[in-house]
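Biologist: I have a model open and would like to learn how to read it. Could you walk me through it, chain by chain?
Modeller: Sure, let's put it on the screen and go through it together.

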Amino acid sequence: MRTQANPRLMLMILSAVFAFLYIPISVLVGLSFNEGGLPTAWTGFSTKWYGELARNSDVMGAAFNTLIVALVSTVLATILGTLLAIGVEIRRRKGRFIETIIFAPMIIPDIVLAIALLSFFSLLDVTLGLHTVILSHVVFNLAFVCSVVRARLKTFDWSVVEASADLGASTPVTLWRIVLPVMLPAIIAGALLAFTLSVDEFIIAFFTAGAGRDSITLPMQIFAMIRFGVTPEINALATIVMAVSVIALALSQRLNRGGLPGQ
Amino acid sequence: MTDRKPLYLMSPALAWLTAFMVVPCLLILALAFFRRGIYGGIEYTFTLENIALVFDPLYAGVFLKSAGIAGLSALIAVIVGYASAYAIAAAPARRQPVLLFFAVLPFWSNYLVRTYAWIVLLNREGLIASMAHWLGYDGELPKLLYTESAVVVGLVYNYLPFVILACYAPLSRLNPEIAEASRDLGGSGWTTFRRVTLPMTFPGVATGFVFVFVLSIGNFVTPALLGGGQFQMIGNLVYAQFLTANDWPFGAALSMFLIAIMMGLLTLQTFATERASGTRPEAT
Amino acid sequence: MTLLSLRNIQKHFGAVRAVDGIDLDIRENEFFALLGASGSGKTTLLRMLAGFEAPTGGEILLDGQEISGVPPNKRPVNLMFQSYALFPHMSVAQNIAYGLEMERLPRAEIKTRVDEILEVIQLGDLAKRKPDQLSGGQRQRVALARALVKRPRLLLLDEPLGALDKKLRGEMQLELKRIQDEFGITFIIVTHDQEEALVMADRIAILRDGKLLQCGTPHEIYEHPESRFAADFIGVMNFLPVEQRDGKLLTASGDVITAADALDTGQRGVAAVRPERLHLGDAQGENRLTGKVSALAYHGLDLQLHLMSPAAPDPVMVRLTAGEAETRRLAIGEEVTVSWAAKDTRIFAV
């Protein structure tokens with residue numbers, strides 16, 4: 001958009017907003033490397049709080065649980081979401097019902113989905129644990145994978161599919177040999193996005209993980225720690241969690257030049 | 001390809017969504033109409049008591065407070081978000097994707113971490129207090145953390161990137177000649193913005209507002225962490241029914257109420273959008 | 001009476017000189033065309049007149065007043081945008097009323113004037129429609145009405161017919177002329193279509209690389225182009241390479257060309273002549289040329305003839321009236337001599 005906008009005013013707005021967005025996070029990252037660990041004084045660069053973290057068995061256990069949840073739910077969601085995306089895009093008729101069902105997981109408030117799943121699992125007498133967290137995470141993860149893959153499919157040249165069929169390939173062979181390779185970057189981008197969502201997800205995990213100590217995920221552990229107040233250890237943990245998200249997201253973005261979902 | 005093959009591809013995911021989203025959501029819809037058991041649990045007899053309880057004056061205070069905080073957060077987020085999106089859309093075309101990427105990046109990092117960052121800034125021994133002290137201010141600082149303002153700041157901070165994204169989309173699609181036409185016809189910069197640019201980009205503003213409002217009113221993390229549990233949002237109320245008070249039917253009724261608010265606002269927004277964009281055929 | 005004067009107008013974008021020193025005077029009630037290919041600077045010039053670009057140098061005088069520093073919303077100048085730029089959220093009537101509301105006119109007067117102009121553009125029954133419910137031609141009329149209703153001193157039209165199909169374009173050319181006549185407002189139209197400029201404009205300015213090449217009536221420009229570019233750009237023109245030798249202009253085939261202009265001795269150039277100035281036979285003027293018929297095409301009333309001649313690298317085009325074609329039947333491969341008058345011959349140096 002070319003506008004008559006005053007460039008100086010625009011620059012001021014952007015500077016203010018980026019300062020607002022990034023100062024809090026930057027302070028957090030900075031403090032995690034402060035030897036003394038307190039905001040009152042900089043006592044030197046140190047990675048000792050990261051060391052402390054590694055010796056904290058609660059944190060390490062929770063991190064391990066989160067890794068399991070994120071990996072398993074990402075794999076499931078990627079398979080289901082990709083098939084769904086291809087199915088929706090090659091279907092001639094666009095069903096409003098299907099569109100709504102695919103879109104819903106992205107807009108339902110987390111807390112509603114969380115209590116709905118909790119009620120559902122307890123009605124069926126399912127023991128809560130990491131497995132129920134995984135089942136739940138797949139719900140929104142597959143919707144996000146689907147939306148990323150669909151965005152790419154919109155620019156996909158379907159005549160190559162017809163060419164493949166013309167040359168004698170069956171539908172599964174065409175999917176495997178033609179569609180999948182072309183779509184791979186978008187699929188991996190969707191998977192990375194699902195992975196970060198799952199690593200960061202708190203509310204649904206909080207409700208569906210049950211009360212046992214052995215099914216605590218990292219965000220649940222962070223929530224518990226934050227309630228006790230600010231510690232240098234949390235700063236370090238928060239920095240690591242953010243770094244994981246940013247790296248996965250940057251990779252996703254690189255693979256999928258289409259931009260962030262919703263963009 | 002026939003229409004049947006896509007169904008094979010779609011069915012595993014659709015089955016998953018049905019089992020773990022549609023059915024659970026229908027379940028709490030039903031739950032809202034059952035009686036609460038004497039020792040918690042659920043008694044399967046039909047009642048409208050839970051729905052009635054939602055509108056009980058007892059909870060009017062919580063609702064008003066929630067709606068006030070959510071409304072204020074959504075308003076601030078929309079104003080700041082629109083201004084930022086406008087500034088991004090006015091930047092040179094090749095810089096826009098980068099600016100947008102960095103504006104949205106925080107949205108994809110952990111919600112708890114982003115909220116925690118404000119505890120670090122605002123707490124009594126936090127950065128702002130330290131700065132004030134360092135600058136030579138020795139008096140008693142006003143309480144920053146565990147206030148309503150802290151909750152509003154936290155909500156705006158967390159949802160701002162979403163609003164920027166929602167407002168940027170229609171702003172970037174705007175044909176610059178349309179704003180120029182308004183200038184050419186005698187409209188000042190402000191008139192052009194008020195009568196042309198804003199109405200044409202209103203769908204983004206409305207989407208941003210609805211989502212920030214609904215996500216805020218249903219939030220329980222930010223009030224718990226930045227508000228210190230001093231006041232409740234509807235989200236906290238739902239949380240309490242399921243995890244402490246053990247009144248699941250009432251909790252279910254509350255969450256249905258939340259969904260109803262969201263649906264209502266979205267319908268309103270769709271209506272407003274259609275009016276704004278002129279896609280609705282006028283009677284001629 | 002002069003309405004608009006441009007004095008050495010310059011517009012530079014970095015190192016690019018989009019408009020490079022243009023002087024022009026445009027009269028009251030004139031239908032003026034700025035004609036040029038893309039990149040000639042015509043649109044930039046128009047945007048400076050509307051106030052969306054500030055000149056790097058020079059003066060723009062409207063009624064003798066310098067207006068370079070006046071913002072677009074304060075100028076008695078309106079622009080009809082190439083994309084039409086209709087407000088999508090407003091109805092036809094609201095679009096048209098917008099500019100009048102900006103003048104803070106009373107409601108009743110706005111209504112009267114909107115109704116009036118809707119009558120003129122014959123869209124009275126579509127007043128409540130939104131732009132996306134109109135056809136291309138209807139949108140074009142609304143855009144015109146929206147600018148015209150303000151009764152500007154000067155109406156600028158940026159490729160106003162570009163988005164219309166060919167048949168509609170022909171109708172709208174006449175319609176625009178009629179409306180300009182009726183309102184008595186000065187129109188400046190930007191176009192890359194020379195035919196459009198010839199049909200509609202009272203005067204045409206040909207722009208090239210940000211410079212003014214020639215300015216005149218369609219007749220002057222067509223009959224007396226001042227440069228090879230102008231000659232080539234407007235209408236169809238035959239170019240015969242010539243060289244000045246021994247006080248004569250000689251073609252590649254050794255024929256002598258008689259013309260009012262001349263070249264320096266030894267200089268190379270071209271002799272230019274319009275297809276309709278060539279006539280069959282060798283007694284229709286001072287100049288003649290012989291060639292083989294390579295193509296024949298009937299265009300309703302006239303016959304177009306392509307001659308391959310040693311005098312020119314490209315086929316020479318001849319336009320014969322139906323009457324002329326009747327007198328002698330022509331066949332492909334036949335050898336034909338054509339002749340033309342010295343006064344219809346223009347000489348340009350290469």
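Biologist: Let's start with chain B. What percentage of the residues of chain B count as buried?
Modeller: Keep in mind that this is a predicted model. To judge burial, we count neighbours: a residue is buried if 20 or more other C-beta atoms lie within 10 Å of its own. In chain B, that holds for 50% of the 284 residues.

Biologist: And what is chain B built from, how many helices and how many strands?
Modeller: Chain B has 12 helices and 2 strands. Reading from the N terminus, you meet a helix, then the two strands, and after that helices up to the end of the list. The C-alpha atoms of chain B occupy a box of roughly 75 × 70 × 40 Å along the principal axes.

Biologist: How do I read the contacts inside chain B? What share of those with a separation of 6 or more joins residues 24 or more positions apart?
Modeller: The idea is to ask how far apart in sequence the two partners sit. For chain B the share is 70%. In chain C, the matching figure is 65%.

Biologist: Now the chain pairs. Which two chains share the most contacts?
Modeller: Of the 2 pairs of chains that touch, A and B have the most. Chains A and C have no contact, and their closest C-alpha atoms are 9 Å apart. A contact here needs C-beta atoms within 7 Å.

Biologist: How many residues does each side bring where chain B meets chain C?
Modeller: Chain B gives 21 residues and chain C gives 24. On the chain B side, the elements with two or more residues are α8 (176-184), α9 (189-217) and α12 (248-277). The largest share, 6 residues, belongs to α8(B). Sorted by class, that side of chain B holds 8 nonpolar, 8 polar and 5 charged residues.

Biologist: Over to chain C. Into which domains is chain C divided?
Modeller: There are domain 1 (2-228) and domain 2 (236-349). A handy check is the distance between centres, taken over C-alpha atoms: 39 Å for these two domains of chain C. The whole C-alpha trace of chain C spans about 75 × 45 × 35 Å along its principal axes. Chain C contains 9 helices and 20 strands, and 42% of its 350 residues are buried.

Biologist: With that many strands, how do I read a sheet? What is the strand order in the open sheet of 4 strands in chain C?
Modeller: List the strands by neighbour rather than by sequence. Here the order is β2-β1-β4-β5 in chain C, with antiparallel pairing. β2 and β5 (65-66) of chain C are at the edges with a single partner strand each, so each has one side without a neighbour in the sheet.

Biologist: How do β1 and β2 of chain C pair, parallel or antiparallel?
Modeller: Antiparallel: β1 (residues 2-13) and β2 (residues 16-27) of chain C share 9 bridges. One of the bridges to follow on screen joins C:I9 to C:I22 in β2(C). The two strands make a hairpin with 2 residues between them, and C:G14 in the turn has a positive phi of about 60 degrees.

Biologist: And at the other edge, what is the bridge partner of C:L61 in β5(C)?
Modeller: That partner is C:E66. β4 (residues 57-62) of chain C and β5(C) pair antiparallel over 2 bridges. As a general reading tip, side chains in a regular strand alternate between the two faces of the sheet.

Biologist: Which helix lies across β1, β2 and β4 of chain C?
Modeller: Helix α1 (residues 42-50) of chain C, which runs at about 60 degrees to β2(C).

Key: Residues are numbered from 1 along each chain as its sequence is written. Chains are lettered from A and ligands numbered from 1 in the order in which they are written. This is a predicted model: local features need pLDDT of at least 70, side-chain atom pairs count only at pLDDT 80 or more; totals for chains, interfaces and linings use all residues. A residue is buried if 20 or more other C-beta atoms lie within 10 Å of its own, exposed if 12 or fewer, and partly exposed in between; C-beta atoms are placed from the backbone. Ala, Val, Leu, Ile, Met, Phe, Trp, Tyr, Cys and Pro count as nonpolar, Asp, Glu, Lys and Arg as charged, and the others, Gly among them, as polar. Domain bounds come from an automatic or database domain assignment. Two strands pair if DSSP finds at least two bridges between them. Axes are lines fitted to C-alpha atoms, for helices over the stretch in contact, and angles run from 0 to 180 degrees between N-to-C directions.
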